[in-house]
Amino acid sequence: MNNEFAKIIKTDELRFKYAKGMRDIVGKEIHKYHEIFFFLGGDAVFISENGKTPLSPDTAVIIPKDTFHCFTVIGNDCDYIRCVYNFTEVRELDEIINKVCGRVRLIRSEKITAEFSELCGLAEADIPHLERDILLKALFARLLTTLSLTDGDETSYTAFTPLTTNVLKLIAKNRGSSLSAAEIAAELCVSVSHLEHVFKRDMNIPLHKYVLEKRLVRAKRMIFEGVSTAEAAAVCGFGDYSGFYKQYKKYFGAAPSSSKTG
């Protein structure tokens, strides 16, 4: 018996999950909400565009929305224990959210560990929903305050291979346009098969999927800023609007027009 579990508290503004095993969000390396992740146990590696690093127990990971990242479980999924806060906007806390979630950071602190322990207790407690939801927001506000006062990230990342580093620079330079693997390989003077193999090994995501997600995220941001959906699709390399619409809705769970309001 592996004793997997998932305790979830969900309000209009916050989603908190305390879980062991049962990874339920796989394949969404860039998402539309901020995430504060707390690693409790198992054998896992965190990957972002900064590089990759093994996770130690009691490590908090701050991941801004629209930021590539993934967690790779090396050992048994059943040993993978974590807490996760997902959120976009929270009334009266937007200013401190913007401060805390400005960049990817990994933080270890006894105070943060104690606060997440209290959150785990809340997730397991049998109390009325209203009181539980109020406590969840109060503990979230306290956690944000602690994170805002905690020194910066001192994590040592393992650097990607020079090839992957150059691929990331090339994609960033082209701002999410429709670069094919063949075009990238030609620019960097390597074979397509070697390029795709090295990138997947380093980033834990196929190259074409990474490029597609970056393009979709850029299109979403442009639409939110007031650009028409058709223009955003064209700028981000989607020649066929119907294809863009289907891919956008599949990835974000809503039509492109919904991004005009957030």
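A salt bridge is a side-chain nitrogen of Lys or Arg within 4 Å of a carboxyl oxygen of Asp or Glu. In this predicted model, the side chains of Arg 201 and Asp 202 meet that description, with 3.8 Å from N to O. The two partners sit in unlike surroundings: Arg 201 is partly exposed, with a relative accessible area of 47%, whereas Asp 202 is buried at 7%.

It helps to step back to the whole protein before following the other pairs. The protein contains 9 helices and 9 strands. Its radius of gyration is 20 Å, close to the 18 Å that the globule rule gives for 262 residues, so the protein is as compact as a globular protein of that length. Along the principal axes, the C-alpha atoms fill a box of roughly 55 × 40 × 40 Å. Of the 262 residues, 45% count as buried. Contacts across the sequence are plentiful: among those between residues at least 6 apart, 72% join residues at least 24 apart.

Altogether the structure holds 10 salt bridges. One of them brings together the side chains of Glu 13 and Lys 137, at 3.6 Å from N to O. Glu 13 lies in the loop between strand 1 (5-10) and strand 2 (14-20), and Lys 137 belongs to helix 3 (residues 129-148), so this pair ties together parts that are 124 residues apart in sequence. Glu 13 counts as buried, at 13% relative accessibility, while Lys 137 is partly exposed, with a relative accessible area of 24%. The pair does not stand alone, as Glu 13, Arg 91 and Lys 137 are linked in a network of salt bridges.

Another salt bridge joins the side chains of Arg 221 and Asp 66, with an N to O distance of 3.8 Å. Here, too, distant parts of the chain are linked: Arg 221 is in helix 7 and Asp 66 is in the loop between strand 6 (59-63) and strand 7, 155 residues apart. Arg 221 counts as partly exposed, at 36% relative accessibility.

Helix 6 offers a good view of how one element is packed. This helix covers residues 192-203, and its 12 residues reach 16 Å from the first C-alpha to the last, close to the 16 Å expected at 1.5 Å a residue. Leu 195, Val 198, Phe 199, Asp 202 and Met 203 are buried in helix 6. Seen down the helix axis, the buried residues fall within an arc of 105°, so they line one face of the helix. Ser 193 and His 197, on the other side of helix 6, are exposed.

Which elements do the buried residues of helix 6 pack against? The partners are strand 4 (44-48), strand 5 (51-54), strand 7 (69-73), helix 4 (162-173), helix 5 (181-188) and helix 7 (207-224). Helix 6 is followed by Asn 204, whose phi is positive, near 60°.

Finally, the cysteines deserve a look. A disulfide is a covalent bond between the sulfur atoms of two cysteines. The structure holds 0 disulfides. For Cys 101, the nearest cysteine sulfur is that of Cys 83, 16 Å away. Is Cys 101 buried or exposed? Cys 101 is buried, with a relative accessible area of 5%. Cys 189, by contrast, is exposed, with a relative accessible area of 70%.

Conventions
Residues are numbered from 1 along each chain as its sequence is written. This is a predicted model: local features need pLDDT of at least 70, side-chain atom pairs count only at pLDDT 80 or more; totals for chains, interfaces and linings use all residues. Side-chain values use heavy atoms; hydrogens and water are left out. Helices (H or I, at least four residues) and strands (E, at least two) are DSSP runs, numbered from the N terminus. The expected span of a helix is 1.5 Å times one less than its number of residues. Buried means under 20% relative accessible area, exposed over 50%, partly exposed in between (1.4 Å probe, protein chains only). The arc is that of the directions from the helix axis to the C-beta atoms. Contact means heavy atoms within 4.5 Å. A disulfide is a pair of cysteine sulfur atoms within 2.5 Å. The radius of gyration is taken over C-alpha atoms; the globule rule is 2.2 Å times the number of residues to the power 0.38.
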